Amino acid sequence: MPHHNDPIAALTPEVTAWRHHIHANPELGFQERATAAFVAAKLREFGLEVHEGLGGTGVVGLLRAGTGPRAIGLRAELDALPITEKTGLPYASRRPGVMHACGHDGHTAMLLGAAKLLAQAPDFDGTVVFIFQPAEEFVGGGIRMIGDGLFERFPVEAVYAVHNWPGLDFGTIATRPGPMMAAVDNFELRFRGAGAHAAMPHLGDDPVLAAGAFIGAVQRVVSRSVDPQSALVVSITQIHAGTTGNIVPNEAWLQGTCRFLDPAFSDHCERQIATIAQGIAAAHGVTAELDYRKGYPPVVNTEGPVAEALRAAEEAVGAAQVRTDLAPSLGCEDFAYMIRAVGGAYAWIGAGPAGPGEGLHGDRYAFNDAIIPIVLRYWTSLVRQVAGRQPVSRCLP
Ligand SMILES: [Zn+2]
Ligand SMILES: [Zn+2]
């Protein structure tokens, strides 16, 4: 068999089986107890030093080789989504309403595979910190791990992560310096004033009228307050006011979201939205109360780690399949906090075509197992290249 010379090909069926096991048993953010226990048991079996309970259900595995001072972090996510799976696959979710529809099962299995390969053949000099984070999708498990001292306890010079990317050509690896994924902020806004009979509106203030004016005016933030070449989305996503047909209500409530790539836009949007809301409120004789919540910052790749990632990608798939020209996504990603803390590189792995409902977060999404050997090659090349390089030798007197 051709396998005995290629440890990656030999291990791929086992990694695929781990992936299917995790897929069949999905858990939502901060509830990934069985998944975390599975990961910890595997890491111990491979001989890694294991730390559990970081940021809730997060797991860290340490693999040291030689005496080198270099250390890098590799991250995968443990959590699934509140979606009912409709793939009909033999290993489909056994939990109604919970599904690994973002491929975090694959990311976790592949990172375990890399740990096993590197533990079997530790031909590098330094430390690899394998980071399995909870709750990527909604609540920021990554920032909780950082808050629990992730990088003080396990210092690294950079962190790396991959995400499978349906719709990107199969086997392509895409990364670039600068923004890869957007920031997301959310806000709620309440206009309050006196209600009135709908036939006698002059006896009240009409917060609904104020809300209507605000919905149009707030697009000024996008169209007139930032450079048109920069990415910014402001969307109003919910409006609630009133109870019946003949009363002008005393309150109108709106919810909205801002997405952007430039971290400075967070404060800018908050100030602009507050100013517009107050101005509209003053003009309508009502009050405005803004609750603006900063969410995930953008994922901004840093240059040194991107250069390392590109070299590993070329080794994994060949230069022709490596891309640096893709526009960033306006989706968001909790990895932003880790990359902001220590620098790093986030890369997309092309998973091939995806039809309607088969993309990320779709109920017929299916992780493409054919990318497993590619990612195993990427991770092991990256570690050997970063931690395998000797630091510049000092000239001793
Ligand atoms: Zn997702
Ligand atoms: Zn994801």
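Here is a chat between a trainee and a mentor about this predicted model.

Trainee: Let's start with the sheet of four strands: in which order do its strands come?

Mentor: This sheet is open, and its pairing is antiparallel. Nine bridges join β10 to β12, ten link β8 and β12, and eight join β8 to β13. Put together, the order is β10-β12-β8-β13.

Trainee: Which strands of that sheet have one side left without a neighbour?

Mentor: Look for strands with a single partner strand. Those stand at the edges, so one side of each has no neighbour in the sheet. They are β10 and β13.

Trainee: Which residue in β12 stands opposite Ile239?

Mentor: Strands β10 and β12 run antiparallel. For comparison, the partner of Ala183 in β12 is Phe260, and Leu189 stands opposite Leu290 in β13. For Ile239, the residue across in β12 is Leu254.

Trainee: What angle does helix α6 make with β12?

Mentor: Helix α6 packs on this sheet and touches β8, β10 and β12. Taking its direction against that of β12, you get about 15 degrees.

Trainee: Why do the buried residues of α6 line one face of the helix?

Mentor: The buried residues are Pro207, Val208, Ala210, Ala211 and Phe214. An α-helix has 3.6 residues a turn, so residues three or four places apart point the same way. Looking down the axis of α6, the buried ones line one face because they fall within an arc of 155 degrees.

Trainee: Which helix is part of what covers those buried residues?

Mentor: The cover includes the strands β8 (183-192), β10 (232-241), β11 (247-248) and β12 (251-260). It also includes a helix that lies across β8, β10, β12 and β13. That helix is α8 (265-284).

Trainee: How do the residues where α6 meets α8 divide into nonpolar, polar and charged?

Mentor: The two helices pack at an angle of about 145 degrees, with axes 9 Å apart, in a right-handed crossing. From α6 come Leu209, Ala210, Ala213, Phe214 and Ala217, which meet Ile276, Ala277, Ile280, Ala281 and His284 in α8. The split is nine nonpolar, one polar and no charged.

Trainee: Now the sheet of eight strands: which are its edge strands?

Mentor: This is an open sheet with mixed pairing, in the order β1-β2-β4-β3-β5-β16-β6-β15. An edge strand pairs on one side only. That gives β1 (49-54) and β15 (322-323).

Trainee: What is the bridge partner of Ile173 in β16?

Mentor: Strand β6 (residues 173-174) and strand β16 (residues 344-350) run antiparallel, joined by two bridges. Across from Ile173 in β16 you'll find Ile349.

Trainee: Which residue follows helix α10?

Mentor: In α10 (residues 335-342), Phe335, Ala336, Tyr337, Met338 and Ile339 are buried. They pack against β3, α4, β5, β7 (178-181), β14 (299-301) and β16. The residue after the helix has a positive phi, near 85 degrees, and that residue is Gly343.

Trainee: Last one: does Ala135 count as buried or exposed?

Mentor: Ala135 is in the loop between β4 (126-133) and α4 (141-147). Its contacts beyond four places in sequence are Gly29, Phe30, Asp79, Gly140 and Gly141. It has 25 C-beta neighbours inside 10 Å, and the cut-off is 20 or more, so Ala135 counts as buried.

Terms used: Residues are numbered from 1 along each chain as its sequence is written. Chains are lettered from A and ligands numbered from 1 in the order in which they are written. This is a predicted model: local features need pLDDT of at least 70, side-chain atom pairs count only at pLDDT 80 or more; totals for chains, interfaces and linings use all residues. A residue is buried if 20 or more other C-beta atoms lie within 10 Å of its own, exposed if 12 or fewer, and partly exposed in between; C-beta atoms are placed from the backbone. The arc is that of the directions from the helix axis to the C-beta atoms. Two residues are in contact if their C-beta atoms, placed from the backbone, lie within 7 Å. Axes are lines fitted to C-alpha atoms, for helices over the stretch in contact, and angles run from 0 to 180 degrees between N-to-C directions. A crossing is left-handed if the near helix is turned anticlockwise from the far one by less than a right angle, and right-handed if clockwise. Ala, Val, Leu, Ile, Met, Phe, Trp, Tyr, Cys and Pro count as nonpolar, Asp, Glu, Lys and Arg as charged, and the others, Gly among them, as polar. Two strands pair if DSSP finds at least two bridges between them.
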